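Student: I have just opened this structure and would like a close look at a single part of it. Could you pick one spot in a strand and walk me through its surroundings?

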Amino acid sequence: MADTQQVDARAERTVSRLAHRIGAFAKAHGGAEGQVAHIGERGARIVLVGEDGAWGDLVAPTYALAEQAVTKSGITVHESFDGEFAAKVTTGPYEWKRMAGIQIGG
């Protein structure tokens with residue numbers, strides 16, 4: 001029984017930490033929206049897009065914990081990273097250079 005309580009306490013701390021970071025991102029960027037995606041055994045990726053077009057991401061150890069964190073943070077969550085949601089992302093010279101580098105082996 002104690003092991004279950006330790007795991008639950010650890011999960012709660014993880015959710016709280018992620019929700020705090022999501023909230024900090026939202027506050028810094030005038031609000032935020034997000035999307036949660038599976039990334040295999042590594043867990044889930046929380047993609048965040050601020051109202052100002054800035055973006056960032058966090059990794060949670062499980063999809064369930066990621067969902068709990070975005071719910072706790074109060075942001076709007078999208079089912080997918082579709083065109084309308086993706087269009088809110090502002091990309092600058094760094095991103096374009098980085099994307100081009102990936103394509104040419106950089």
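Tutor: Let us start with the whole chain, then go to one residue and its surroundings, and end with the salt bridges.

Keep in mind that this is a predicted model. The protein chain has 4 helices and 4 strands, and from the N terminus on they follow the order α-β-β-β-α-β-α-α. Of its 106 residues, 31% are buried. The chain exposes about 7200 Å², with carbon and sulfur atoms supplying 54% of that area. Among contacts with a separation of 6 or more, 52% are between residues 24 or more positions apart.

Now for the close look, at Leu58. You can find Leu58 in strand β3, which covers residues 55-60. Is Leu58 buried or exposed? Its relative accessible area is 8%; the cut-off for buried is under 20%, so Leu58 counts as buried.

Which residues does Leu58 touch, leaving out those up to four places away in sequence? They are Leu18, Arg21, Ile22, Ala44, Arg45, Ile46 and Leu48. Take Ala44 from that list: Ala44 and Leu58 are 14 residues apart in sequence, and their C-alpha atoms are 8.4 Å apart in space.

Another name on the list, Arg45, leads us to a salt bridge. The side chain of Arg45 meets that of Asp57, with N and O at 2.7 Å. This pair links distant parts of the chain, as Arg45 sits in strand β2 (residues 44-50) and Asp57 in strand β3, 12 residues apart. Arg45 is partly exposed, at 31% relative accessible area, and Asp57 is also partly exposed, at 36% relative accessibility. Strand β3 therefore holds both the buried Leu58 and the partly exposed Asp57.

How many salt bridges does the structure hold? There are 2. Besides the Arg45 and Asp57 pair, Lys88 forms one with Glu33, where the closest N and O atoms are 2.6 Å apart. Lys88 lies in the loop between α3 (83-86) and α4 (93-103), while Glu33 belongs to strand β1 (residues 32-38), so this bridge ties together parts that are 55 residues apart in sequence. The two partners are covered to unlike degrees: Lys88 is partly exposed at 37% relative accessibility, whereas Glu33 is buried at 10%.

To retrace the path in your viewer, begin at Leu58 in strand β3, step across to Arg45, one of the residues Leu58 touches, and follow the salt bridge from Arg45 to Asp57.

Notes. Residues numbered from 1 in each chain as written. Predicted model: local features only at pLDDT ≥ 70, side-chain atom pairs only at ≥ 80, totals over all residues. Heavy atoms only, no water. Helix = DSSP H or I, 4+ residues; strand = E, 2+ residues; numbered from the N terminus. Buried < 20%, exposed > 50% of the residue type's maximum accessible area, 1.4 Å probe, protein only. Contact = heavy atoms within 4.5 Å. Areas by Shrake-Rupley, 256 points an atom, 1.4 Å probe, with all protein chains shown as cover. Salt bridge = Lys/Arg side-chain N within 4 Å of Asp/Glu carboxyl O.
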